[in-house]
Amino acid sequence: VTFHTTILGCGAALPTKRNNPSSQVVNVHDKLFLVDCGEGTQVRMRDLGVKFQKINHVFISHLHGDHYLGIFGYISSMHLLGRKPDLHIYGSADLEQLVRINLRLSHTFLSYELIFHELQFKTPEKIFEDRTVEVVSFPLKHRIECAGFLFREKPLPRNVKKSALKMYDLQPTEIVKLKRGETIRHISGQQLTQDDACEPQRHSRSYAYCSDTAYNEKMVETIAGVNLIYHEATFLEKDKKRAKETFHSTAKQAAMIAQKARAGKLLLGHFSSRYSNPDDFATEASEVFPATEIATEGQTYLVL
Ligand SMILES: [Zn+2]
């Protein structure tokens, strides 16, 4: 079942020839979630053929321009394309003000409803849930209020084994009961439990998006055991002082968080344009956390 993230932008601050500012599309069971929306997001979505009318939920980590300035254009394009379904936006209360002012001053009356959900940035909080996924926001340590987002798959129903279907000639009502975890009495008189008849429970996968943050061990508890973590690495360790001053992380610090969270894999992004070779980030982080990869725009990374 699908669970992956596609990087639309992974640069810091200024858009450059190499990198767009932050944005990615997370796909959980073919439901699309937009996470951050820097300038260039909608252009990159077009390039990659992302079906952006299918996105109903947008998560904005914080109000530094490189994480949200693309949202005005995105909202406007949805309108020009005649969108009808509601669009849910999760972010600070100020984001709603910025968007509403923009619409008011341009006398724009959207073809769809914008529904804002205010983040509180203080403690981890479940902000979205449906049958297949839940999204938890958690506070990061930045110059202004900033949140990370954890996408966690709900446990998948356990399928009945093919061998059990054949052996017991199960009826549809019996299959439903077994999937729900009930024990059934088979026509032969035999008791059948879920463990007897169903495949083992598959583990629920999770993905953490850790936007701009200084080294922040507090989030480790929330994201513990995550399969894939995207963590900013604006600087290299030689510029650790600059990282601390600007509330950003070095590649090594990102790796330390991945290690402490017992993550399956680390994806580094938000690179400062001062460095010419992105591989240096991977080299530095790998010394602490070997399962590290550099985010590349246009690439999709599976949550396994
Ligand atoms: Zn920032």
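A residue is called buried here if its relative accessible area is under 20%. The structure is a predicted model, and its chain contains eleven helices and 16 strands. Of the 304 residues in the chain, 53% are buried, and the C-alpha atoms fill a box of roughly 70 × 55 × 35 Å along the principal axes. Among contacts between residues at least 6 apart in sequence, 63% join residues that are at least 24 apart.

**Helix H10 and its surroundings**

- Within H10, the buried residues are Ala251, Gln253, Ala254, Ala255, Ile257 and Ala258.
- The cover over these buried residues of H10 is drawn from several elements, including helix H8 (220–223), strand S13 (228–232), helix H9 (240–245), strand S14 (265–269) and helix H11 (279–286).
- Just after H10 comes Arg262, which takes a positive phi of about 50 degrees.

**The nonpolar cores**

- The largest nonpolar core has 59 residues, and the members that touch the most other members are Phe149, Phe151, Ile223, Ile229 and Leu268.
- Helix H10 (residues 251–260) supplies the largest share of this core, namely five residues.
- A second core, separate from the largest one, consists of 25 residues, among them Val58, Leu95, Leu114 and Phe116.
- Leaving aside residues up to four places away in sequence, Phe151 touches Phe3, Val26, Val28, Phe33, Val35, Phe59, Glu134, Val135, Arg205, Ser206 and Tyr207.

**The seven-stranded sheet**

- Seven strands form an open sheet with mixed pairing, and their order across the sheet is S6-S5-S4-S3-S2-S1-S16.
- At the edges of this sheet are strand S6 (114–118) and strand S16 (300–302), each of which pairs on one side only.
- From one strand to the next, the twist of the sheet averages 20 degrees.
- Helix H1 (residues 41–48) packs on the sheet, where it touches strand S1 (3–9), S2, S3 and strand S4 (55–59), and the direction of H1 makes about 125 degrees with that of S1.
- In general, the strands of a sheet pair through backbone hydrogen bonds, in either a parallel or an antiparallel sense.
- Strand S2 (residues 23–28) and strand S3 (residues 31–37) are paired in the antiparallel sense, over six bridges, and Val25 has Leu34 in S3 as its bridge partner.

**The zinc site**

- The zinc ion has as its protein donors His62 (NE2), His64 (ND1), His142 (NE2) and Asp212 (OD), which lie 2.2 Å from the ion.
- Along the sequence, the spacing of these donor residues follows the pattern H-x1-H-x77-H-x69-D.
- The arrangement of the four donor atoms is irregular because they subtend angles of 88 to 171 degrees around the zinc ion, whereas a tetrahedral arrangement would need all angles to lie between 85 and 135 degrees.
- Two of the donor residues can be placed by their accessibility: His62 is buried, with a relative accessible area of 2%, and His64 is also buried, with a relative accessible area of 18%.

**His67, in contact with zinc donors**

- His67 belongs to helix H2 (residues 65–68) and counts as buried because its relative accessible area is 0%.
- Not counting residues up to four places away in sequence, His67 touches Ser22, Asp36, Cys37, Gly38, Ile60, Ser61, His62, Tyr209, Ser211, Asp212 and His270, and this list includes the zinc donors His62 and Asp212.
- Between His67 and Asp30, which are 37 residues apart in sequence, the separation in space is 24 Å from C-alpha to C-alpha.

**Two loop residues**

- Gln171 has its place in the loop between helix H5 (162–168) and helix H6 (172–180), and its relative accessibility of 41% makes it partly exposed.
- The C-alpha atoms of Gln171 and His186 are separated by 9.8 Å, with the two residues lying 15 residues apart along the chain.
- Ser272 is located in the loop between S14 and H11, and its relative accessibility of 11% means that Ser272 counts as buried.
- With residues up to four places away in sequence left out, Ser272 touches Ala12 and Thr234.

How values were computed: Residues are numbered from 1 along each chain as its sequence is written. This is a predicted model: local features need pLDDT of at least 70, side-chain atom pairs count only at pLDDT 80 or more; totals for chains, interfaces and linings use all residues. Side-chain values use heavy atoms; hydrogens and water are left out. Two strands pair if DSSP finds at least two bridges between them. Helices (H or I, at least four residues) and strands (E, at least two) are DSSP runs, numbered from the N terminus. Axes are lines fitted to C-alpha atoms, for helices over the stretch in contact, and angles run from 0 to 180 degrees between N-to-C directions. Contact means heavy atoms within 4.5 Å. A nonpolar core is a set of buried Ala, Val, Leu, Ile, Met, Phe, Trp, Tyr and Cys residues joined through side-chain atoms within 4.5 Å. Buried means under 20% relative accessible area, exposed over 50%, partly exposed in between (1.4 Å probe, protein chains only). Donors are N, O and S atoms within 2.8 Å of the metal (3.2 Å for Na, K and Ca); water is not among the atoms, so sites may look incomplete. Four donors count as tetrahedral if all angles lie between 85 and 135 degrees; four count as square planar and six as octahedral if opposite donors are over 155 degrees apart and all others between 65 and 115; anything else is irregular.
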